[in-house]
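Hi,

Here is the structure I promised to pass on. Have a look at it first, and then read on for what turned up in it.

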Amino acid sequence: MKTLINCFIPYADTAQAEQTIKNLKETGVVDTIYLLSNQSIETVPEGCVALQITHLNASKTMLEIAKHATTPYTLLYTKYSTLQLGLFALDRMMQIADDNLAGMVYADHYQMVDGKQRMAPVIDYQFGSLRDDFNFGSVLLFNSCYFKESTLRLETPYEAAGLYDLRLKISQLYEIVHINEYLYTEIEDDNRKSGEKIFDYVDPKNRSVQLEMENACTEHLKEIEGYLEPIFEKIEFDDEKFEYEASVIIPVRNRIRTIRDAINSVLMQKTNFKFNLIIIDNHSTDGTTEAIDEFKSDERLIHIIPQRNDLGIGGCWNVGVHHKDCGKFAVQLDSDDVYKDENTLQIMVNAFYEQNCAMVVGTYMMTDFNMNMIAPGIIDHKEWTPENGRNNALRINGLGAPRAFYTPILREIKVPNTSYGEDYALGLRFSRNYQIGRVYEVVYLCRRWDDNSDASLDIIKMNGHNLYKDRIRTWELDARVTMNYLSNDANEEYDPELN
């Protein structure tokens with residue numbers, strides 16, 4: 001049988017790699033297996049070649065792989081644990097790559113967790129799949145010619161973002177194809193719940209890595225005409241009159257354990273302006289409705305039970321924002337969470353005027369149910385900058401809390417009627433035209449507990465969430481590319497030297 005694939009696998013020691021090497025050789029389609037290690041390998045297994053690298057994801061590693069990619073296809077395995085390939089799995093991956101002229105293919109697979117096999121489907125790659133932590137699984141099969149060509153376009157030497165940069169370069173010219181078939185088994189060694197993983201990218205220890213990822217993504221956006229210069233529309237806050245300067249919006253359904261804390265944290269606010277609290281009670285059945293009514297003597301509280309039964313969190317927000325008594329600024333508070341102290345609302349509103357922005361995002365601290373700080377601690381999202389925040393927002397998975405909006409623009413844009421990603425969609429949409437202000441002091445406590453909506457999701461729900469967020473990014477990126485195209489077209493039509 002003709003050997004069609006050179007394989008590149010991370011190497012720690014012989015015991016770690018031995019079974020993976022054996023499994024690859026048994027396919028009959030593998031030529032040379034290259035062992036990637038940051039240490040010299042004293043005894044190289046038969047049929048293998050050692051390549052010394054600094055980091056698996058470094059740009060230099062991608063260039064080194066390209067130099068040794070002498071077969072039609074190149075396989076990169078990204079885990080140190082044992083890889084078990086399905087029957088004719090590599091044949092199938094090459095077949096799909098061939099049929100689709102794909103630059104890269106990846107597949108659904110199985111994971112072995114605590115000795116038990118479970119399905120691990122992944123999601124389709126989209127134009128807006130810009131997250132650097134997009135889950136392709138651990139087996140990436142590249143067309144070697146396209147891989148080599150893409151490495152020629154790597155401009156910046158990255159230590160951590162090299163593979164990410166290469167993937168973006170490949171996506172610019174070639175298809176990245178998801179095979180909806182279970183083609184291999186990987187050993188899963190990260191057994192944390194979904195809610196414990198989603199903040200990895202904002203962990204302070206990852207800051208240098210994130211700066212590399214941001215740079216790579218920004219470079220990509222410029223190359224595909226999706227980059228936006230830091231030029232924003234000015235806001236005139238006195239264009240419309242409001243009785244209330246601010247309204248805190250709380251959508252809630254069945255949060256009897258936390259709603260009183262949330263309400264109290266709003267009613268204790270000290271401000272130099274008039275504010276109210278609008279709670280959209282989405283047909284609670286656990287006593288939440290009665291708990292809200294305990295505060296009905298406070299005229300600042302507006303308790304709404306919608307007539308509709310088809311509202312998600314975003315739909316509830318629309319009900320609150322379009323209420324006649326909604327204030328000039330609509331400020332978010334989740335029903336699980338609380339404001340840090342009595343100054344939060346004043347600080348958030350001040351930021352609108354100080355930074356002339358249409359949306360403000362605060363800084364929060366992760367806590368347990370009893371409001372004791374837990375890892376990763378303070379989430380300040382300092383990756384958001386006036387210069388590049390609106391571009392980097394397409395790469396990251398969230399924007400921080402609390403979120404606050406200039407009501408006239410929010411009423412115009414409206415909130416997607418979903419219960420996940422609606423706030424992220426707003427952040428992207430607002431940032432297309434307007435500055436997003438930032439508050440870098442802690443003003444919000446985000447409580448993590450078992451009833452959080454994203455505390456422990458199964459793979460199907462996680463994939464649904466990620467697919468939707470990538471779809472949001474795709475819509476937004478398409479809009480930005482179109483906006484840039486129309487802007488460039490208009491500038492080309494008017495040439496002062498010709499008119």
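How many helices and strands does the protein chain have? The protein chain has 15 helices and 18 strands; both are DSSP runs numbered from the N terminus, with helices being H or I of at least four residues and strands being E of at least two.

A quick word on the ground rules. This is a predicted model, where local features need pLDDT of at least 70 and side-chain atom pairs count only at pLDDT 80 or more, while totals for chains, interfaces and linings use all residues. Residues are numbered from 1 along each chain as its sequence is written, and side-chain values use heavy atoms, with hydrogens and water left out.

On confidence, the protein chain has a mean pLDDT (the predictor's confidence in each residue, from 0 to 100) of 93, and 93% of its residues reach 70 or more. The stretch to watch is residues 190–202, where pLDDT stays under 50. For that stretch the model has 32 contacts (heavy atoms within 4.5 Å) beyond four places in sequence.

As for overall dimensions, the C-alpha atoms fill a box of roughly 80 × 70 × 40 Å along the principal axes. The radius of gyration of the protein chain is 26 Å, which agrees with the value near 23 Å for a compact globule of 499 residues. That radius is taken over C-alpha atoms, and the globule rule is 2.2 Å times the number of residues to the power 0.38.

Now the helix packing. Axes here are lines fitted to C-alpha atoms, for helices over the stretch in contact, and angles run from 0 to 180 degrees between N-to-C directions. Angles under 35 degrees count as roughly parallel, over 145 as roughly antiparallel, 65 to 115 as roughly perpendicular and the rest as oblique.

Helix H5 (residues 162–173) packs on helix H7 (residues 207–223) at about 15 degrees, with the axes 9 Å apart. That makes H5 roughly parallel to H7. The crossing is right-handed, meaning that the near helix is turned clockwise from the far one by less than a right angle; anticlockwise would be left-handed. Among the residues that meet there are Tyr-164 and Leu-168 from H5 and Met-213 and His-220 from H7. By class, this contact has five nonpolar, three polar and four charged residues. In that scheme Ala, Val, Leu, Ile, Met, Phe, Trp, Tyr, Cys and Pro are nonpolar, Asp, Glu, Lys and Arg are charged, and the others, Gly among them, are polar.

H5 also packs with H4, at an angle of about 110 degrees and with axes 9 Å apart, so H4 and H5 are roughly perpendicular. Phe-147, Glu-149, Ser-150 and Thr-151 in H4 meet Leu-166, Lys-169, Ile-170 and Leu-173 in H5.

H4 (residues 144–151) has helix H2 (residues 59–68) as a partner too: their axes come within 9 Å and cross at roughly 135 degrees. H2 and H4 are therefore oblique to each other, in a left-handed crossing.

Finally, some backbone details. Two cis peptide bonds lead into prolines: Ala-375 to Pro-376, with omega near 5 degrees, and Ala-401 to Pro-402, with omega about -5 degrees. Pro-376 lies in strand S16, whereas Pro-402 is in the loop between helix H12 and strand S17. Glu-225, not a glycine, has a positive phi of about 65 degrees, and sits in the loop between H7 and strand S10.

Cheers
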